[in-house]
Amino acid sequence: MPTNTETLRYAIALCRIKGIGDVLARKLIENFGSPEAIFREKPDTLALIPRIGTQLALGVTDRSLLEIADKEIAFISQNGIDSFYFEDEEYPEQLRDCTDAPLLLFYKGETELKGKRFVSMVGTRSCTQYGIDLIENFLQEMAALAPEVVIVSGLAYGIDVNAHKSALKNGLSTIGVLAHGLDRIYPYVHRQIAKQMLEQGGLLTEYLSETNPDRGNFLARNRIIAGLSDATIVVESADKGGSIVTANIANTYGRDVFAFPGRTSDRYSEGCNRLIRQNRAALITGASDFLELMNWLPDSPGEQEIQMEIPFDLSSEEQQIVELLTRYGEMHLNRLVVETEIPISELTGILMELEFRNMVRPYPGGMYRLK
């Protein structure tokens, strides 16, 4: 739960105003300081904010929104559900970095959402035995090499549910991102798998209880799957589909994307092969090459204390970057911009200079590590 219950109450109410999405809600909070302050503001003042207008501004006068929020708070309290406001310390860092990250998350499970390495596995709902075998072999190897990795998917038919099942079978934590509230499981036939995931992972959603699994919700939840994860793996996919959307979103977030290749004649390998051909996904055949590409193998620099002799002639900005990379092992370009407060146009030049000096190395997806 957020430290301030009133913040949660007004944040839920804000999310219920039709036409105010996560990006606009965060913009309003940035302008007025908190969700509570937005509801205490005069509609005429709110209407002056770009993209708000009179109709949306009048939404704050609807007191039934607070009644809905109170009902939701009672629901999550009675059912042992955690809620995370985007400014809470417990909110997943990877997701917070995304410009369209949900204002609120609702979560039930045992696995922490911070301090973990998350890998999403997505693909067609009409998976073949080839895809199922890929998942099983991959996660069996992953469990042996990197058992701390958490597998993320959408609890849908096909690749999703098989990724969850195989993760559970191999002792890996797994999280399902839902397109509805936590008062139900869809599809219903996956309720037993979902129950097991509560003990070896968890269930995550941005949606309030009584929210139906409408089609648009599935497309929206794909951004959470991509944003929560350090890397997205497309197992099997036709040329178009939700998993290709997820891979494209992951690319826009600067996250690493991987795909298993398939035969050119196989319909459900068309999407994977095209992602690889267009350099929008790296080709992998198993967990060992995936972990090597992610620099996550136990003997990699990201897992060891980095021993580097730092030159004395570094500028203050260069020193700051080196210290951050030493502390965290790797950082995304966008995160470096936030941490250093150096404009991205300047930061890329500094990183290039450090690369020329053989100190920093760029990796796919906008990641940087000390060499």
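Select L155, in the loop between β4 (150–153) and α9 (159–169). The model is a predicted one. L155 is not a glycine, yet its phi is positive, about 60°. Is L155 buried or exposed? With a relative accessible area of 0%, L155 is buried.

For background, most residues other than glycine have a negative phi, and most peptide bonds are trans. The next two stops also concern the backbone.

Go to N358, which sits in the loop between α17 (344–356) and β11 (360–363). N358 is another residue other than glycine with a positive phi, near 65°. Its relative accessibility is 48%, so N358 counts as partly exposed, whereas L155 is buried.

Now show the backbone of Y186 and P187. What is the peptide bond from Y186 to P187, cis or trans? The bond is cis, with omega near -5°. P187 belongs to the loop between β5 (174–177) and α10 (191–199).

Follow the chain on into α10 and display its side chains. Which residues of α10 are buried? They are I193, A194 and M197. Around the helix axis these residues cover an arc of only 100°, which puts them on the same side of α10. Turn the helix over: on the face away from the buried side are the exposed residues K195 and E199.

To see what the buried side of α10 meets, add α9, β5 and β6 (201–205) to the selection; the buried residues of α10 pack against these three elements. α9 is the helix that follows the loop of L155, and β5 is the strand before the loop of P187. After α10 comes G201, with a positive phi near 150°.

Finally, zoom out to the whole chain. How many helices and strands does the chain have? There are 17 helices and twelve strands. The radius of gyration is 22 Å, close to the 21 Å from the globule rule for 371 residues, so the chain is as compact as a globular protein of that length. Along its principal axes, the C-alpha trace spans about 55 × 55 × 35 Å.

Colour by accessibility next: buried residues are 52% of the 371 in the chain. The accessible surface is about 17500 Å², and carbon and sulfur atoms account for 48% of that surface. If contacts are drawn between residues at least 6 apart in sequence, 70% of them join residues at least 24 apart.

Last, colour the charged side chains. The chain has 37 positive and 52 negative side chains, and 8 Å separates the centres of the two sets.

Notes:
Residues numbered from 1 in each chain as written. Predicted model: local features only at pLDDT ≥ 70, side-chain atom pairs only at ≥ 80, totals over all residues. Heavy atoms only, no water. Helix = DSSP H or I, 4+ residues; strand = E, 2+ residues; numbered from the N terminus. Rg over C-alpha atoms; globule rule 2.2 N^0.38 Å. Buried < 20%, exposed > 50% of the residue type's maximum accessible area, 1.4 Å probe, protein only. Contact = heavy atoms within 4.5 Å. Areas by Shrake-Rupley, 256 points an atom, 1.4 Å probe, with all protein chains shown as cover. Lys, Arg positive; Asp, Glu negative; His and termini not counted. Charge placed at Lys NZ, Arg CZ, Asp CG, Glu CD. Arc of directions from axis to C-beta.
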